[in-house]
Amino acid sequence: MVDFSQIRSLVVYALVIGVLLICMLGLGAFTGIRRNREHMGRALSTPFESGIIPTGSAHLRLPVQYYLVAMFFVIFDVETAFLFTWAIVVTDVGWIGYSAAVLFIFFLAVSLAYLWRAGGLDWGPLPRRIPQSPTGMEHAS
C-alpha cells in the first residue's frame, strides 16, 4: 500500500492546480461581457484577428497536400515516440526487442516508399510532358 507521505506533494500540487483553475474560470465568468444577439451590435459580431479587418469568406478550401502533411507528421511522430521509448529499454529487451524495432522500421520504410512511389510526396508542379507524334518521329521541315 502507498503511504500518504509519499504522494503528499502530488496531492498538494493537484489541489493548487484545481483551485487556480476554479479561480480563473470563475473570474472569467464574473467579469466577462454578457450580451445576447440583439444587443451585440455590428462591432461585436464581426471577427477580430490582430487588428486586421477580415475580408472575404472564412470558408476557404485548403489543398489536399495540407492534410497529407498533417497525416505524415502524425505517422512519423508516432514512429519517433515508439523508437525513443524503445531506445530507453534497449538493453533490457535484448535481441527480441531489437528484431521488433527493426521490423517496425522496415514496415515504416516500406510505407514511406509506397507514399513516394504513389506521388504522395510530390507537391510541386508536375513536369510538362512533350507529346510525341504517332509514328514516334518528329516532323522534318
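1. Buried residues of α3. In this predicted model, helix α3 has F72, E79 and L83 buried. Part of their cover comes from α4, which is included in what shields the buried residues of α3. Burial is limited in the chain: of its 141 residues, 6% count as buried.

2. Length of α3. The helix runs over residues 64-88. Its 25 residues should span 36 Å at 1.5 Å a residue, and the end C-alpha atoms lie 37 Å apart, so the two values agree.

3. Overall fold. The protein chain holds four helices and zero strands. Along the sequence the pattern reads α-α-α-α. The points below stay mostly with α3 and α4.

4. How α3 and α4 pack. Their axes are 10 Å apart and meet at an angle of about 165°. That angle makes α3 roughly antiparallel to α4, because angles over 145 degrees count that way. The crossing of the two helices is left-handed.

5. Who touches whom. On the α3 side, the contact residues are F72, I75, F76, E79, F82, L83, W86, A87 and I88. On the α4 side they are V90, V93, G97, Y98, A101, F104, I105, L108, L112 and L115. The buried residues F72, E79 and L83 appear in the α3 list. W86 and Y98 appear too, one on each side.

6. Aromatic pairs. How many aromatic pairs does a search of the whole structure find? It finds four. In W86 and Y98, the ring centres are 6.5 Å apart and the planes stand at 40°, a tilted pair. This pair links distant parts of the chain: W86 sits in helix α3, Y98 in helix α4 (residues 90-118), and twelve residues separate them.

7. Exposure of that pair. Are W86 and Y98 buried or partly exposed? W86 has a relative accessible area of 24%, so it is partly exposed, since buried would need under 20%. Y98 is partly exposed as well, at 43%.

8. A second ring pair. F106 and F107 have ring centres 5.9 Å apart and planes at 55°, so this pair is also tilted. The reason is the angle: edge-to-face needs over 60 degrees, and stacked needs under 30. F107 has 52% relative accessibility and therefore counts as exposed, the cut-off being over 50%.

9. A ring cluster. Which residues do ring pairs link into a cluster? They are W86, W95 and Y98. Two of these, W86 and Y98, are the tilted pair described above.

10. A87 beside the pair. A87 is found in helix α3. At 42% relative accessibility, this alanine counts as partly exposed. A87 and Y98 are eleven residues apart in sequence, and their C-alpha atoms are 9.6 Å apart in space. A87 is also among the α3 residues that meet α4.

Key: Residues numbered from 1 in each chain as written. Predicted model: local features only at pLDDT ≥ 70, side-chain atom pairs only at ≥ 80, totals over all residues. Heavy atoms only, no water. Phe/Tyr/Trp six-rings, centres within 6.5 Å; stacked < 30°, edge-to-face > 60°. Buried < 20%, exposed > 50% of the residue type's maximum accessible area, 1.4 Å probe, protein only. Expected span 1.5 Å × (residues − 1). Contact = heavy atoms within 4.5 Å. Axes fitted to C-alpha atoms, helices over the stretch in contact; angles between N-to-C directions. Parallel < 35°, antiparallel > 145°, perpendicular 65-115°, else oblique. Left-handed = near helix turned anticlockwise from the far one by under 90°.
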